[in-house]
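Please open the structure in a viewer and keep the sequence panel visible. The tour below proposes one selection after another and states what is found at each.

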Amino acid sequence: MLMNLKRIISLTATAFMLFTTCGLRAEGAAAKPLVVGFAQTGAESAWRTANTNSMKAEAEKRGIKLKFADGQGKQENQIRALRSFVTQGVDAIVVAPIVETGWDPVLREAKRAGIPVVVMDRNIQTDDKSLFACYIGSDFYKEGSLAAEWLVKNAGARTRIVELQGTPGSAAANVRRKAFADAIAKSPAFKLIDSQSGDFRRSGGKEVMEAFIKKHGKEIEIVYAHNDDMALGAVQAIEEAGLKPGKDIIIVSIDAIKEGVQAVVDGKINVVVECNPLFGPKVYDTIAKLKAGEPVERTSYNVDEVFDSTNAAARIGERQY
Ligand code: GYE
């Protein structure tokens, strides 16, 4: 009788211990945060800062451990970061690729390790679509077309354009350039008289615009800038040359950062086409789906708007970046 009682007590104790250890283990596993490696291009523009902030803030909100790598404008730095994420065995990788090509080898390494890759912001060119899970970004072709369409409607007699290109080889610059060229080709009065890269930077936009003014002088009637930072740099260069940006020279631009929309309100930039950088929530929702084995959209874009003198003042209060 006593033996039986002892055995019952000991069995119960063992069962209890097993139960609690399993319980602890299960709890431990559930509490393990998701680890995401994010290879950012750098910090070339206000758009980029907003994008970085969105990715960091949303990770924090969701208890995701974000390993952030600043590529400092160099693809080789981003490739190194991706490799290190693979070695560390992160749960997922996000990359905002500086340029379009040259990603296959490192993406193959991620694929072999079974780590899903989300391409964010700028797309890549590859023949093997299985190398990344999906692309979450912006319709750069639409943005370039909207900028050109605005000119067709509003430029009046002004036709001679200089272009401030983004980073050479980037999807954002390549596609915005092509879309704009395609659109103005349909209105033969327009003439692209010069085009140079300002690397998506304010300083770059200013320097290139100064050189354009020196070279072409009064011939310049329109500036097409691939982003607001370069447009704002061009505004400075135009003012320093004693001219009125937005009046003597029409400026069209892309991004719609707060400062860009403010410049529209102030009449210094004529139109900004929106490119929303706040991808954090969408990116982590997508990663959660990928980890759960659920299907995700292959390509998804943010919906973008156009801000000019007709709506900028009324809408500037809503701008989040
Ligand atoms: O327009 C620019 C940034 O890739 C869409 O990169 C992005 C571009 C954006 O530096 O401001």
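## Helix α5 and its surroundings

Begin by selecting helix α5, residues 140–154: its 15 residues reach 21 Å from the first C-alpha to the last, close to the 21 Å expected at 1.5 Å a residue. The model on display is a predicted one. Colour the buried residues of α5 next; they are Phe-140, Glu-143, Gly-144, Ser-145, Leu-146, Ala-147, Ala-148, Trp-150 and Leu-151. After the helix comes Gly-156, which has a positive phi near 60°.

Stay with Leu-151 and display its neighbours. Leaving aside residues up to four places away in sequence, Leu-151 touches Ile-161, Phe-180, Phe-190, Ile-222, Ile-250 and Val-252.

## The largest nonpolar core

Which residues of the largest nonpolar core touch the most other members? They are Leu-151 and Met-209, in a core of 94 residues. Helix α8, residues 228–240, makes the biggest contribution to this core, with 7 residues. Domain 1 (35–137 + 277–302) and domain 2 (140–275) each supply at least three residues to the core.

## Helix α7

Move to Met-209, which is one of the buried residues of α7. The others in that helix are Gly-204, Gly-205, Lys-206, Val-208, Phe-212, Ile-213 and His-216. Select α7 as a whole, residues 202–216. The helix has 15 residues and spans 21 Å from first to last C-alpha, close to the 21 Å expected at 1.5 Å a residue.

Against which elements do the buried residues of α7 pack? Show β6 (160–165), β7, β8 (222–225) and α8 to see these partners. Just beyond α7, Gly-217 has a positive phi of about 50°.

## Strand β10 and its two partners

Select strand β10, residues 271–274, with side chains shown. Both of its faces are covered: Val-271 and Val-273 lie on one side, Val-272 and Glu-274 on the other, and all of them are buried.

Add strand β9, residues 250–255, which pairs with β10 in the parallel sense over 4 bridges. In this pairing, Ile-254 has Val-273 of β10 as its bridge partner. From β9 the chain passes through helix α9 (residues 258–265) to β10, in a β-α-β crossover that is right-handed.

Then add strand β12, residues 306–308, which runs antiparallel to β10 and is joined to it by 3 bridges. Here Val-273 stands opposite Val-306 of β12. Val-273 thus provides a convenient residue to centre on, with Ile-254 as its bridge partner and Val-306 opposite.

## The two domains

Colour the chain by domain. The domain assignment of the protein gives domain 1 as 35–137 + 277–302 and domain 2 as 140–275. How many Å separate the centres of the two domains, taken over C-alpha atoms? The separation of these centres is 29 Å. Where the domains meet, 12 residues of domain 1 are in contact with 16 residues of domain 2.

## Four loop residues

Conclude with residues in the loops.

- **Gln-72.** Look in the loop between β2 (65–70) and α3 (75–88). The phi of Gln-72 is near 45°, a positive value in a residue other than glycine. Its relative accessible area is 59%, above the 50% limit, and Gln-72 is therefore exposed.
- **Phe-200.** This residue is found in the loop between β7 and α7. Its phi is positive, about 65°, although Phe-200 is not a glycine. Is Phe-200 buried or exposed? Phe-200 counts as buried because its relative accessibility, 3%, is under 20%.
- **Lys-186.** Select the loop between α6 (171–185) and β7 (191–197) to find Lys-186. With a relative accessible area of 70%, which is over 50%, Lys-186 is exposed. A distance label between the C-alpha atoms of Lys-186 and Val-152 should read 9.6 Å, for two residues that are 34 residues apart along the chain.
- **Asp-128.** The loop between β4 (117–121) and β5 (134–137) holds Asp-128. Asp-128 counts as partly exposed because its relative accessibility of 28% falls between 20% and 50%. As a last step, label the distance from the C-alpha of Asp-128 to that of Asp-248: the two are 120 residues apart along the chain and separated by 48 Å.

Terms used: Residues are numbered from 1 along each chain as its sequence is written. This is a predicted model: local features need pLDDT of at least 70, side-chain atom pairs count only at pLDDT 80 or more; totals for chains, interfaces and linings use all residues. Side-chain values use heavy atoms; hydrogens and water are left out. A nonpolar core is a set of buried Ala, Val, Leu, Ile, Met, Phe, Trp, Tyr and Cys residues joined through side-chain atoms within 4.5 Å. Buried means under 20% relative accessible area, exposed over 50%, partly exposed in between (1.4 Å probe, protein chains only). Helices (H or I, at least four residues) and strands (E, at least two) are DSSP runs, numbered from the N terminus. Domain bounds come from an automatic or database domain assignment. Contact means heavy atoms within 4.5 Å. The expected span of a helix is 1.5 Å times one less than its number of residues. Two strands pair if DSSP finds at least two bridges between them. A crossover is right-handed if, with the strands pointing away from the viewer, the path from the first strand over the helix to the second runs clockwise.
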